[in-house]
Amino acid sequence: MGSIGLVIVSHSKNIAQGVVELISEVAKDVPITYVGGTEDGGIGTSFDQVDRVVSENPADTLLAFFDLGSAKMNLEMVADFSDKSIMINRVPIVEGAYTAAALLQAGAELSVIQTQLSELEINK
């Protein structure tokens, strides 16, 4: 597995927690950090919170999954400032994160995971 982990960013705390709860069933050894919603419990995302979960993840390479536009924007800004390699995936958050986590747990190479994720890519 090396040092590859997952980061989940959602506008909703419940969505983020649900995705992590689901993928943790198939990827017990994959480092996963997540954030959902704003600091005051509302709907939204913030640079500071995304930066925190990226920093907290022990992996050097992160496969990032998001639900909506500003979550992607915050991930892109964090990636610009981070020493970690952050691969932001434009795929459905549940299916993409689950696929990546299961493949990482099985020991798949990053190139194999990227190929699988490319088949799920949203092109709009």
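**Notes on the predicted model: sheet, salt bridges and a surface patch**

1. Let's start in the sheet: strand 1 (residues 4-10) and strand 3 (residues 61-66) run parallel and are joined by 6 bridges. If you want a place to look, I4 stands opposite T61 in strand 3. Keep in mind throughout that this is a predicted model.

2. Strand 1 has a second partner, strand 2, and here 5 bridges join the two, again with parallel strands. One pair to click on is S10, whose bridge partner in strand 2 is G36.

3. Zooming out, the strands make an open sheet of 4, in the order 2-1-3-4, with parallel pairing. Its edges are strand 2 (32-36) and strand 4 (85-89), each of which pairs on one side only. On average, neighbouring strands of this sheet are turned by 20° against each other, direction ignored.

4. How covered is strand 1? Mostly: 7 of its 7 residues are buried. Side chains in a regular strand alternate between the two faces of the sheet. Here I4, L6, I8 and S10 point one way, while G5, V7 and V9 point the other way, and all are buried. The cut-off behind that word is under 20% relative accessible area.

5. Now the charges. The structure holds 2 salt bridges. As a general point, side chains of opposite charge can pair when their charged atoms come close. Take R52 and E56: their side chains meet in a salt bridge at 3.5 Å, N to O. These two residues sit 4 apart in helix 2 (residues 47-56), so about one helical turn separates R52 from E56. R52 counts as partly exposed, at 39% relative accessibility, and E56 is partly exposed too, at 47%.

6. Another salt bridge links the side chains of E76 and K72, at 3.2 Å, N to O. Both residues belong to helix 3 (residues 69-81), where they are 4 residues apart, about one turn of the helix. E76 is partly exposed at 36% relative accessibility; K72 is also partly exposed, with a relative accessible area of 24%.

7. Which residues form a nonpolar patch on the surface? They are L22, V94 and Y98, and together they have about 230 Å² of accessible area. V94 is placed in helix 4 (residues 93-105). With a relative accessible area of 35%, V94 is partly exposed; that is over the 30% needed for a residue to be put in a patch.

8. Further along the chain, L120 is in the segment after helix 5 (110-118). Is L120 buried or partly exposed? Partly exposed, with a relative accessible area of 30%. If you are picking a pair for a distance check, L120 and V50 are 70 residues apart in sequence and 23 Å apart in space, C-alpha to C-alpha.

9. Last, the annotation. UniProt, in an unreviewed entry, places the feature "domain: PTS EIIA type-4" at residues 3-124. In this model that span is 47% helix and 19% strand, and its end C-alpha atoms lie 31 Å apart.

Technical notes: Residues numbered from 1 in each chain as written. Predicted model: local features only at pLDDT ≥ 70, side-chain atom pairs only at ≥ 80, totals over all residues. Heavy atoms only, no water. Patch = residues over 30% accessible without salt bridge, like charges linked within 9 Å, V, L, I, M, F, W, Y side chains within 5 Å. Areas by Shrake-Rupley, 256 points an atom, 1.4 Å probe, with all protein chains shown as cover. Salt bridge = Lys/Arg side-chain N within 4 Å of Asp/Glu carboxyl O. Buried < 20%, exposed > 50% of the residue type's maximum accessible area, 1.4 Å probe, protein only. Pairing = 2+ DSSP bridges. Axes fitted to C-alpha atoms, helices over the stretch in contact; angles between N-to-C directions. UniProt positions renumbered as here; feature names shortened; annotations may be inferred.
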